[in-house]
Amino acid sequence: MTVERAAELLSTARRAVALTGAGVSAESGIPTFRGEGGLWAKYDPVKVSSIDTFLADPASYWRVSRDRGRVALAAKPNPGHLALAELEAAGRLVALITQNTDGLHQDSGSKRVIELHGSGRKVVCLDCGRVEPRSEVQERLDVEMPPRCRQCGGTRLKPTVVLFGEPMPAAAVQEAFELARNADVILVVGSSLVVYPAAEVPLVALRAGARMIVVNAEPTPFDRFAHVVIHGRSGEVLPHLAALTGG
Ligand code: APR
Ligand code: ZN
């Protein structure tokens, strides 16, 4: 019933937008931050993933990011990612806003992807600005901690992701809220919806009159605002949803 209802909303939508979180990549083997087995159950996010601690001691960030990076770089899109790309290709989604930095939406064929929290696929040197692929830095983490810049020797190499305490990429934020203001359906997948301003995106869409569909493994604070709530794994629900919408 609920997936059918969600399919109906998506099939008649003209400006549907998706917002995804870590849950959409869970079935690709990348641990989420919250919920069962989440990263923040093991580490204090501010200690290991804030810009202040990074600048004070880049190794404290890289020691955690090394393991997560290894998993993320090896991860492949799962059926949930592929279904979202299919929905876009079928014209059911105009864009996909993501909080994820793993690049799996792009790998799965989604074209218009707005990365609110940046990309974990590149690393920038804060001293000389040189950018290099994360995969090259990953290779030397076992022998170089923290990693050093190949150009200036600096040790402030940072993935191009938004750490706590850092500003979000202005252009991505602007585009995301523009899309939300014009959306007639907002499909939220795999997010605990507790981190702002990303969690504001569905609220802006709702205020603009959009219908909201939530697909999440467990309840979210926004379930009560949603027109359709589906508690399940995105890797199962989204292919079903795409099949029903002819996506
Ligand atoms: N299918 C659907 N939902 C899932 C699945 C799954 N297979 N597995 C887990 N989930 C749900 C969890 O129940 C949880 O509610 O996905 C949600 C993931 O929530 P978070 O881990 O908090 O991820 P997210 O909402 O993206 O976090 C936002 O917080 O730490 C920062 O920068 C980080 O971008 C991240 C932001
Ligand atoms: Zn440098």
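User: Where is the place of P146 in this model?

Analyst: P146 sits in the loop between helix 8 and strand 6; helices (H or I, at least four residues) and strands (E, at least two) are DSSP runs numbered from the N terminus. This is a predicted model, where local features need pLDDT of at least 70, side-chain atom pairs count only at pLDDT 80 or more, and totals for chains, interfaces and linings use all residues. Residues are numbered from 1 along each chain as its sequence is written, chains are lettered from A and ligands numbered from 1 in the order written, and side-chain values use heavy atoms, leaving out hydrogens and water.

User: Which peptide bond leads into P146, and is it cis or trans?

Analyst: Most peptide bonds are trans, and most residues other than glycine have a negative phi. The bond from M145 to P146 is cis, with omega near 0°. Another cis bond joins Y196 and P197, with omega about 5°. P197 lies in the loop between strand 7 (185-189) and helix 10 (200-207). L193 is also in the loop between strand 7 and helix 10, and its phi is positive, near 55°.

User: Now the metal: which residues are the protein donors of the zinc ion (ligand 2)?

Analyst: Donors are N, O and S atoms within 2.8 Å of the metal (3.2 Å for Na, K and Ca); water is not among the atoms, so sites may look incomplete. Here the SG atoms of C125, C128, C149 and C152 lie 2.3 Å from the zinc ion. In sequence, these donor residues follow the spacing C-x2-C-x20-C-x2-C. The pair C125, in strand 4 (residues 118-125), and C152, in the loop between helix 8 (134-140) and strand 6 (157-161), links distant parts of the chain, 27 residues apart.

User: What are the angles among the 4 donor atoms of the zinc ion (ligand 2)?

Analyst: The ideal angle for four tetrahedral donors is 109.5 degrees. Four donors count as tetrahedral if all angles lie between 85 and 135 degrees. At the zinc ion they run from 104 to 118°, making the site tetrahedral.

User: Why does ligand 1 lie between domain 1 and domain 2?

Analyst: Domain bounds come from an automatic or database domain assignment. Because domain 1 (1-30 + 77-117 + 168-247) and domain 2 (32-74 + 122-161) both give residues to its shell, ligand 1 lies between them.

User: Which side chains have an N or O atom paired with an oxygen atom of ligand 1?

Analyst: A polar contact with a ligand is a pair of N or O atoms within 3.5 Å. The side chain of E218 has such an atom 2.6 Å from a ligand oxygen, and that of W40 has one at 2.9 Å.

Technical notes:
Polar contact = N/O pair within 3.5 Å; in protein donor to acceptor, adjacent residues only side chain to side chain. Tetrahedral: all angles 85-135°; square planar, octahedral: opposite > 155°, others 65-115°.
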